[in-house]
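Biologist: Please pick one part of this structure and look at it closely. Then connect it to the rest.

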Amino acid sequence: MALPALTPQYVLGLAALLVLVVDAFAPTSRKNGLLAGVTALAGVVSAGVAAWLFAGGTGRTTLFDGALAVDASTSFFTAVFGCVAALVAAASYDYVRDEPNQSAYYALVLFATAGMSVMAAANSLVTAFLALELVSLPAYALVAFLKRNAGSAEAGLKYFVVGALSSGILVYGISLVYAATGVFGFEALAAAVQGNAHVTVLGAGVVMLIGGFAFKTASVPFHFWAPEAYEGAPAPISAFLSSASKAAGFVLAFRVFLLAFPLAAFEALGIPWTLVFAVLAVLTMTLGNVAAATQTNVKRMLAYSSIGHAGYALIGLAALSGPASSDIAVVGASFAHLFVYGFTNTGAFLVVALAERWGVGRTFEDYAGLGRSAPVASAALAVLLFGLAGLPVGGGFWTKYALFLGAVQSGLWWLAAVGIVNSALSLFYYSRLVKAVWVDAPDETGVARERPTGIYAAVVVATVVTVVLLVAPDLVFSWADAAARALVSA
């Protein structure tokens with residue numbers, strides 16, 4: 001019997017309800033392990049079902065009168081979201097063990113993950129906005145989850161205020177696009193923009209949509225919330241937002257601009273949106289990496305680094321040139337980069353979660369000598385950081401190579417050059433942290449005393465996947481190309 005196309009989303013939603021029901025029937029019992037297990041299992045099952053649906057070759061399935069469309073790209077990114085959610089849940093078993101309201105924490109993670117998977121299936125601007133809000137509202141609460149921590153509460157408030165502003169910009173952009181076209185569905189929009197007479201209104205709407213997506217992906221100039229939110233949030237949530245949430249923003253942007261806003265039609269109207277994304281890619285890569293190089297706080301360094309990686313992913317939108325084969329290659333490279341980045345960046349933030357659990361400080365100096373007291377975690381950190389830099393220790397080496405090659409083949413050699421320079425710069429600040437961990441003299445007050453099972457397991461899994469994708473990149477590239485083909489050739 002064939003599974004329903006939305007089975008992964010059903011699994012995540014029902015698991016979130018199950019977590020709340022368990023808490024309702026046993027509000028006073030200690031059940032952190034059960035809640036973390038249910039959340040991790042739901043993430044793994046949703047990812048596995050998504051892979052199963054992809055392998056079954058079910059093609060494109062339209063649901064709810066065209067509001068949702070499940071295709072290979074939906075399955076691809078649902079697998080990313082499920083895997084990251086499982087890693088975050090495993091790490092949270094140790095991280096929130098002594099915190100109240102654990103059921104709310106895990107339920108919010110599941111609801112946000114379900115929203116991300118719906119974003120990956122959105123086929124209408126209305127559905128896209130509703131799915132985005134289903135992600136954003138739990139995210140605000142998760143950032144401020146540590147109520148007794150002033151930094152967490154402040155970060156949650158700032159994230160909420162800026163997020164509300166960006167949602168207003170996005171929905172206003174949607175209203176302008178509707179005013180110019182009279183439709184919301186992606187296929188209908190693709191037809192309505194052909195020779196549209198309301199060029200000014202449509203152009204303004206597209207610019208506002210780009211602004212809304214830039215916020216969700218922490219791209220310049222809507223990036224300023226990310227360092228504050230990631231620094232104040234629980235470290236597993238920082239990992240969740242910087243990896244899964246960023247990927248969700250990108251898949252939605254790709255769906256909108258590939259399915260609803262055909263490049264040829266907009267170039268005929270004098271609205272070259274690829275040029276906007278090229279400028280955003282340069283600014284995001286450069287500002288993110290330059291700012292990261294000046295940081296002394298490890299979490300803020302990783303936050304700015306994640307902004308830089310958003311710039312790399314933007315190359316997939318900037319380098320679209322028209323020929324389907326080249327577009328599939330560069331979009332597939334962007335998808336593959338987001339897949340590898342999901343594991344690599346999550347693992348790096350979870351090492352920070354370990355350090356916070358041990359009472360290690362937040363600066364580079366506080367990590368000095370950590371390799372002597374925690375060699376496994378420190379070795380994993382080195383692999384993950386060098387993987388983020390694009391060195392041949394992880395799958396990020398191949399994905400960056402494919403992205404830069406796609407840019408060159410599209411005639412944007414200068415964009416590839418900017419990416420290479422920024423990758424070299426990132427190696428500088430990643431190496432600073434590795435040097436502090438392995439070379440600098442240890443501080444006796446920062447000795448690690450425990451080995452949290454959940455966080456360790458998540459870090460090891462993320463590191464192993466990162467390395468495996470170096471030696472077997474086709475595992476992700478074949479799937480990513482199929483996902484890209486589903487959007488480019490739709």
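Modeller: **The salt bridges, then outward**

K435 and D440 join their side chains in a salt bridge, 2.8 Å from N to O. The term means a side-chain nitrogen of Lys or Arg within 4 Å of a carboxyl oxygen of Asp or Glu. This is a predicted model: local features need pLDDT of at least 70, side-chain atom pairs count only at pLDDT 80 or more, and totals for chains, interfaces and linings use all residues. Residues are numbered from 1 along each chain as its sequence is written, and side-chain values use heavy atoms, with hydrogens and water left out.

How covered are the two partners? K435 has 45% relative accessibility, so it counts as partly exposed. D440 is also partly exposed, at 25%. The cut-offs are under 20% relative accessible area for buried, over 50% for exposed, and partly exposed in between (1.4 Å probe, protein chains only).

Shared partners link other salt bridges into one network: E154, K158, E228, E231, R300 and R362. The whole structure holds 14 salt bridges.

Take two pairs from that network. K158 bridges to E154, with the closest N and O atoms 2.8 Å apart. The two are four residues apart in helix α6 (residues 150-181), so about one helical turn separates them. Helices here are DSSP runs (H or I, at least four residues), as are strands (E, at least two), and both are numbered from the N terminus. An α-helix has 3.6 residues a turn, so residues three or four places apart point the same way. K158 is partly exposed at 34%. E154 is partly exposed too, at 43%.

R300 and E228 form the second pair, at 3.5 Å from N to O. This pair ties distant parts of the chain together: R300 sits in helix α13 (residues 298-318), E228 in helix α9, and their positions lie 72 residues apart. R300 counts as buried, because its relative accessibility is 16%. E228 is partly exposed at 29%.

Now the nonpolar interior. In soluble globular proteins, nonpolar side chains tend to be buried together. The largest nonpolar core has 173 residues, and F76, F81, F257, F261 and F335 touch the most other members. Helix α14 (residues 324-358) supplies the largest share of this core, 20 residues. A core is a set of buried Ala, Val, Leu, Ile, Met, Phe, Trp, Tyr and Cys residues joined through side-chain atoms within 4.5 Å. F335 touches S73, F76, F77, F254, A480, A483, A484 and L487, leaving aside residues up to four places away in sequence. Apart from the largest core lies another, of five residues, including L6, L68, V70 and A121.

Helix α1 (residues 7-25) is next. Its 19 residues should span 27 Å at 1.5 Å a residue, and the end C-alpha atoms are 26 Å apart, which agrees. The expected span is 1.5 Å times one less than the number of residues. The buried residues of α1 include T7, P8, Q9 and L12. Its buried residues pack against α2 (32-55), α3 and α4. Contact means heavy atoms within 4.5 Å.

On the surface, V376, V460, V464, V468, V471 and L475 form a nonpolar patch, with about 510 Å² of accessible area together. Patch residues have over 30% relative accessible area and no salt bridge; like charges are joined within 9 Å, nonpolar side chains (Val, Leu, Ile, Met, Phe, Trp, Tyr) within 5 Å. Areas come from the Shrake-Rupley method with a 1.4 Å probe, and for residues only the protein chains shown count as cover. Helix α19 (residues 453-471) gives the most to the patch, four residues. V471 belongs to that helix. It is exposed, at 65%.

Last, the backbone. Most residues other than glycine have a negative phi, and most peptide bonds are trans. F64 has a positive phi near 55°. F64 lies in the loop between β1 (61-63) and β2 (68-70), and is exposed at 58%. N101 also has a positive phi, about 60°. N101 sits in the loop between α3 (72-95) and α4 (102-119), partly exposed at 42%. A cis peptide bond joins V220 and P221, with omega about 5°. P221 is in the loop between α8 (199-216) and α9 (225-232).
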